[in-house]
Amino acid sequence: MRIKIFSLMALLMIASLVLAACGSSAAPSGSSSGAATAAPAAGNGGAAAGGTVGIVLPTKDEPRWIQDETRFKDALTKAGYQSEILFSQGDSAKEKANVESLLTKGIKVLIITPQDGAAAAASADAARKAGVKVISYDRLIRDTDSVDYYVTFDSLAVGAQQAQYLIDKAGSNKGNPLYLYAGAATDNNAFVFFQGAWKVLQPKIADGTFVIKNSSAAVELQGKGDLTREEQAKILGQVTTNWDFNTAKTLAESNLTAATDADKGNVFILAPNDGTARAIADTFAADKAVKSFVVTGQDAEKASVQYIIDGKQSMTVFKDVRTLVNDAINAAVALLQGKTPDAKGSYNNGKIDVPAIQSPVISVDKANVKKELIDSGYYQASDFQNLP
Ligand code: BGC
């Protein structure tokens with residue numbers, strides 16, 4: 001995998017140098033500009049030759065996106081690139097300004113994880129107008145035909161693995177209290193994760209294994225295996241964490257306040273990602289009427305890996321960000337060379353079917369945490385305490 005990234009980056013460097021030699025794109029003015037560009041590092045050959053790929057990520061406040069930043073930097077630095085990544089800090093207006101500044105710098109490819117999938121359509125349109133190719137990274141930009149390519153994990157599988165974990169832990173017991181939580185309604189992924197989870201959970205709600213405790217909309221729809229986006233939106237409206245730890249905590253607290261002791265006991269919790277899982281887990285752990293809980297997560301954030309080792313979070317879904325970065329760079333190289341990146345399918349964004357490449361995900365709990373996250377070289381054993 002390392003070798004592959006390296007050779008791709010070498011290609012990217014060549015492509016970039018070619019573009020810089022033939023084109024007239026404005027040279028980036030250096031790191032102080034905050035340019036999220038990947039351009040050949042200044043070496044004996046002189047100053048950086050031209051902005052080529054711009055990268056915009058949603059927020060520095062979640063470890064998930066720091067993982068992506070780190071892996072992008074690793075890949076780009078290895079190939080002799082300077083890189084700076086711009087963050088939108090949860091603000092669509094800032095994201096738009098970031099993209100505008102990159103377009104001014106003459107990037108040729110924009111790799112972007114939209115803060116708000118629909119709001120980012122305007123930025124994609126501006127990029128298209130400027131002749132810049134757009135790669136939607138992890139989250140899909142919606143309702144525009146200006147997206148050239150989508151690199152993603154198998155997000156339906158993320159939800160399905162979370163749901164399956166809850167089912168496996170419930171075994172043949174019936175009447176298990178189930179609390180549902182979801183991501184931000186502005187993020188297309190939140191729908192896909194929920195859809196994946198619902199499809200697997202719903203038959204086990206219908207047969208009485210689980211009893212939903214915190215969403216009247218979900219209870220109303222519990223007879224349906226396949227939900228429309230509007231139906232999902234109704235449920236998300238009641239159980240969204242907005243991908244925010246504090247919102248997750250407050251929502252869990254108010255759910256537990258509204259619930260009776262009989263709604264607690266041995267509890268099952270669908271938590272959409274690691275940050276919200278830790279907030280929700282801490283809240284449930286503090287409630288005396290909760291005897292035990294099984295809680296899902298996603299992203300294999302270090303803090304959650306430690307929680308899993310310590311028995312405070314049950315599982316996470318590992319999404320190997322190295323693969324996603326590799327896929328994004330691979331697609332950028334193809335686009336820089338005027339080629340069409342390999343697609344293994346497509347995702348409909350409300351307007352077009354966006355060609356996509358999708359990476360698998362892995363369900364991780366205490367039993368396989370060492371194998372999947374340490375032995376695979378993703379993290380160091382020294383990052384954790386009491387590793388099994
Ligand atoms: C990503 C998750 C992440 C979440 C919150 C989703 O779009 O796929 O990995 O946890 O956003 O940032």
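What span should the 19 residues of helix H6 (residues 188–206) have at 1.5 Å a residue, and how far apart are its end C-alpha atoms? The expected span, defined as 1.5 Å times one less than the number of residues, is 27 Å for H6, and the end C-alpha atoms are 26 Å apart, which agrees. The model is a predicted one, in which local features need pLDDT of at least 70 and side-chain atom pairs count only at pLDDT 80 or more, whereas totals for chains, interfaces and linings use all residues. Residues are numbered from 1 along each chain as its sequence is written.

Helices (H or I, at least four residues) and strands (E, at least two) are DSSP runs numbered from the N terminus, and the protein chain has 13 helices and 15 strands. Of its 388 residues, 53% count as buried, a residue being buried if 20 or more other C-beta atoms, placed from the backbone, lie within 10 Å of its own, exposed if 12 or fewer do, and partly exposed in between.

Helix H6 bends by about 35 degrees at valine 200, with proline 203 following within four residues; the bend is the angle between axes fitted to the seven residues ending at a residue and the seven starting there. Just after H6, glycine 208 takes a positive phi of about 90 degrees. For helix H5 (residues 155–170), the 16 residues should span 22 Å, and the separation of 23 Å between the end C-alpha atoms agrees with this. The buried residues of H5 include Val158, Ala160, Gln161, Tyr165 and Leu166, and what covers the buried residues of this helix includes E7, H6, strand E10 (265–270), E11, E12 and E15. Glycine 171, just after H5, has a positive phi of about 60 degrees.

The largest nonpolar core, a set of buried Ala, Val, Leu, Ile, Met, Phe, Trp, Tyr and Cys residues joined through C-beta atoms within 7 Å, has 104 residues, and those with the most contacts inside it are Leu110, Ile135, Ile269, Ile280 and Ala332. Helix H12 (residues 321–336) gives the largest share of this core, 11 residues. Because domain 1 (35–147 + 321–359) and domain 2 (155–319 + 363–383) both give residues to the core, it lies between them; the domain bounds come from an automatic or database domain assignment.

Contacts, counted where C-beta atoms placed from the backbone lie within 7 Å, link isoleucine 135 to Leu110, Tyr149, Ala328 and Ala332, among others, when neighbours within four places in sequence are left aside. Tyrosine 149, in strand E7, is buried, with 27 other C-beta atoms within 10 Å. Beyond four places in sequence, tyrosine 149 is in contact with Ile135, Ala331, Pro341, Val354 and Pro355.

In strand E12 (residues 315–318), Met315 and Val317 point one way and Thr316 and Phe318 the other, and all are buried. Strand E12 runs antiparallel to strand E15 (residues 362–365), to which 4 bridges join it, where two strands pair if DSSP finds at least two bridges between them; valine 317 stands opposite serine 363.

Most residues other than glycine have a negative phi. Aspartate 143, however, has a positive phi of about 60 degrees, in the loop between strand E6 (133–137) and strand E7 (149–153), and is partly exposed, with 15 other C-beta atoms within 10 Å. Aspartate 299 likewise has a positive phi, near 115 degrees, in the loop between strand E11 (290–295) and helix H11 (302–309), but counts as buried, with 23 C-beta neighbours inside 10 Å.

Key. Contact = placed C-beta atoms within 7 Å.
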